[in-house]
Amino acid sequence: MSPSRHQPDLHLVIEKLLAIPHIAKNFTHLEHIPARPAAYADFPPDLDPRLIQALRARGIDKLYSHQAEAVNAALAGENVVIVTPTASGKTLCFNLPVLQRVFQDPKRCALYLYPTKALAQDQYIELEELAQAAGGAVKLFTFDGDTPASARRAIRSAGNIVLTNPDMLHTGILPNHTGWSRVFEHLEFVVIDEIHHYRGVFGSHVANVLRRLRRICQFYGSRPRFICCSATIANPLEMAEKLCEEKFHLVDKSGAPHGEKFFLFYNPPVVNKELGIRRNVVNEARRLATRFLSENLQTIIFARSRMRVELLVNYLRKAMRRMRQSPDRIAGYRGGYLPNERRLIERGVKSGEILGIVSTNALELGIDIGQLRVAILAGYPGSVSSTWQQAGRAGRKAEAAAAVLVASSLPIDQYVITHPDYFFGKPPEVAIVNPDNPAILAAHIKCAAFELPFVEGERFGAIDPTSYLEYLETDHVVRRAGEKWYWSADTYPSENISLRSASAENFVVVDVMDKNRVIAEIDYDSAPFLIHTEAIYMHLGEVYYIDRLDWDRRTAFARPHKSEYYTEALAKTEIRVLYEDWHEHVPTGAFVHASEETTVPRSPKLAAQSQEYPVIPRAGEPVPAARDIVDDSAERAHQSLELQPANPEADGSANSATTALLSRSFGNVAVITIVAKYKKLRFETHENVGYGEVSVPPLEMQTESAWFCFDAALLARFQEEFLDAGAGLQGVANVMNNVVPLYVLCDPRDVGVVANLRDPHTGAPTLFVYDKYPGGTGLSRKVFEIYTTIFRAALEIVETCQCSEGCPSCVGPSLEVGKGAKRAAEVWLRAAVRGC
């Protein structure tokens, strides 16, 4: 039997929370968002009466205005992109026109693409209920990695609507298109939900998958229309047109109502003012979550990593026991859980059996998980749009809801939490994809050649693929016969190309105490950090000890373990310049701009474009196989010409202020990441209780980087003032790693910053800012252009931080970066920005 769903008045709970002095003093802002009524429109005149009857049986007598506009445009033959807030009923915008066409012609088909399997499963249930209520003979199926082989033949031969994800389209459908010929011949609609998720590297891959899809549809004589849905981003029309390479009708005025919402900013208290150390974000999120859970308010807690998810699950289950409630009412949700575990958790949240759910951003998407009342964000998610998306998981049914952003000690979190106007007054970011990235493009041209021969003169999207095909011919991957290029290798290319990371390989974790049962899968990039030998691995709130990591077999052998600590791997990164595309001396006065505010990006380019750059994997990807990369020197030469040279006049420089920065460069580098040690952190207190050794192969990749050289003569000043120049430069790297996302609008894990006191290539103190994806994705290119803004902001953060020796909110804890690192970092930054 489901637990009682009775929940108290949220207003009273918040008032009670704000009446507790030691908690209330930590709230830096409370934003009240009032409720809004609905705007309705009549059903489209040609909508099938069976669908209207089914909707009225659900209590829907009219559509929201945006739903009616979207349905009318889709039925009129337009491609449509809908961008409205979370829980505004976007699903009906595409379900109604799709079912309408299938009812009119039972041969018609539609393909639904969702970024995750869980979302596809959730939407399948809603679509099936609507189709059955309407009484139409619609055959719909989900098709993903969990679909049994016995069911796949039936889906290919009989399905009207297939719900899948880009990964399955890439590896399971397009390469086997002959088995799907009936679907492609009659494909009427392609629905792409949550398109804001398809940015960066993943989005660039998906854009090429859609190029392959359109190519195959053209072969079978169909031209499907696209319906795209998105949470609020700044450029939904541009994003949809970039992904699908078609013209779109934009629907962006929501008619849906929403309940009132309270959005609170919470900054954990300082526990050591001298060191600038605040209470841990995990512990503070637990304290707040426990308050809401004790009031029987169903709560979701978003954590920034898998480890934090498991820690919070562990802590909240203990809290439930103290409240004499079942610990089973707390669950985690993240990548690495097996499919049946995820489905069970989703049903538990929806039914109310689970009162508290702790998730990574896996539940940021639009899975319907019931009437959540509170969302707690344990750390800033990295962008304005992601923050609103996570906060929107509470109050999806129009009742009052609350969201609490709990800041970590990271500089980016501290900036946002102390500058609420930056967040609430800022428009959502622009989502960017780059389908013409040479490495990504080459990979999908291989896949496309496997699926259908290329004809001389045929284009692949906007690209002429001839140079790529010629390169692949030299590698004996394709062969030319007459006017066509045929696949000639004996491999299955899509199997070796991951859409979401640089490697398609996963590791498995097996429980040696349970007949080597597989308990989890870990992506290649995360394995050295999470499941190295002697690591403490947490799964579903349970603690395991990794006896051994077999790297060659991609297997970690684990056993249940009672531990007083958890582990955190430590990585060392080395960087080597391969070639320079651009080198320029930093001019005198480059940093002088009297009217510029360093707290908000004011660069003319940023003001015009406000670009969000891609979300990309963490460090540690291997170098792409040489056969996957064509000679793109001509393109790189063209791109290097587009890099913006420094212009003192553009920066408002009229005087002769000096700078200790000698030059800025941009080019390609090799990044070598070595995971050599791990530290042991005690549960609850998170204090360091020891270290251990890690033995895994180095991880290498080739990527783009910007680098900045300081005048070596500055080193004498550090000696005179008895400061550690190396510690200071590392402190600058730490703070810049967190400043870059404020101006380039990416996640701190999307870029890397390496400090070399005497770099082998430049022979001078040098800072490297590089993209953490093979081949680069444009982040460091943007840093190269707006470097003055980033250096100024870094200096502001260090100067205004209240600590004395360095802390997590500026250059890093003094125990890690070294005593005096903050003062030394100030010297570097002031010398660069002010020449003093």
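Lys-515 is exposed, with a relative accessible area of 81%. In this predicted model, the residue is found in the loop that joins β22 (506–511) to β23 (517–523). The phi of Lys-515 is near 55°, a positive value in a residue other than glycine. Most residues other than glycine have a negative phi. A second such case is Arg-554, which is not a glycine and has a positive phi of about 55°. Arg-554 lies in the loop between β25 (542–550) and β26 (555–560). Arg-554 is buried, its relative accessible area of 17% falling under the 20% cut-off. A positive phi, near 95°, is also found at Gly-77, which follows helix α4.

The chain contains 28 helices and 32 strands. Of its 836 residues, 59% count as buried. The accessible surface of the chain comes to about 32500 Å², and carbon and sulfur atoms contribute 50% of that area. Among contacts in the chain with a separation of 6 or more, 76% are accounted for by residues 24 or more positions apart.

One pair that is distant in sequence involves His-29, a residue of strand β1. His-29 and Phe-265 are separated by 236 residues in sequence, while their C-alpha atoms are 5.1 Å apart in space. With neighbours within four places in sequence left aside, the contacts of His-29 are Phe-263, Leu-264, Phe-265, Pro-420 and Phe-424.

Strand β1 belongs to an open sheet of seven strands with mixed pairing, in the order β1-β11-β18-β17-β14-β16-β15. The edges are formed by β1 (27–33) and β15 (330–333); each has a single partner strand, so one side of each is left without a neighbour in the sheet. From one strand to the next, the twist averages 15°. At the β15 edge, pairing with strand β16 (residues 356–359) is parallel and runs over four bridges. Within this part of the sheet, Tyr-333 stands opposite Ser-359 in β16. Helix α13 (residues 306–322) lies across β14 (299–303), β15, β16 and β17 (374–378), and its direction is at about 175° to that of β15.

Parallel pairing also links strand β8 (residues 187–192) to two other strands. Strand β5 (residues 109–113) pairs with β8 in the parallel sense over five bridges, with Cys-109 opposite Leu-187 in β8. Strand β9 (residues 225–230) pairs with β8 in the parallel sense over four bridges, and here Val-191 stands opposite Ile-227 in β9. Strand β8 is mostly covered, six of its six residues being buried.

The largest nonpolar core comprises 88 residues, of which Leu-661, Met-736, Leu-767, Ile-790, Phe-791 and Trp-828 touch the most other members. Helix α24 (residues 725–744) supplies the largest share of this core, with twelve residues. Another core, of 46 residues, lies apart from the largest one and includes Ile-14, Ala-289, Tyr-315 and Val-404. When residues up to four places away in sequence are not counted, Trp-828 touches Phe-710, Leu-714, Leu-715, Phe-718, Ala-725, Gly-728, Leu-729, Val-732, Leu-757 and Pro-765.

Helix α26 (residues 787–800) has eleven of its 14 residues buried, so the helix is largely enclosed by the rest of the structure. The buried residues are Tyr-787, Thr-788, Thr-789, Ile-790, Phe-791, Arg-792, Ala-793, Ala-794, Leu-795, Ile-797 and Val-798. At 1.5 Å a residue, α26 should span 20 Å, and its end C-alpha atoms are 20 Å apart, which agrees.

Helix α5 (residues 90–104) is likewise largely enclosed by the rest of the structure, because 14 of its 15 residues are buried. From first C-alpha to last, α5 reaches 23 Å, close to the 21 Å expected at 1.5 Å a residue. In helix α4 (residues 65–75), the buried residues are His-66, Gln-67, Ala-68, Ala-70, Val-71, Ala-73 and Ala-74.

Methods. Residues numbered from 1 in each chain as written. Predicted model: local features only at pLDDT ≥ 70, side-chain atom pairs only at ≥ 80, totals over all residues. Heavy atoms only, no water. Core = buried A, V, L, I, M, F, W, Y, C linked by side-chain atoms within 4.5 Å. Buried < 20%, exposed > 50% of the residue type's maximum accessible area, 1.4 Å probe, protein only. Contact = heavy atoms within 4.5 Å. Pairing = 2+ DSSP bridges. Axes fitted to C-alpha atoms, helices over the stretch in contact; angles between N-to-C directions. Expected span 1.5 Å × (residues − 1). Areas by Shrake-Rupley, 256 points an atom, 1.4 Å probe, with all protein chains shown as cover.
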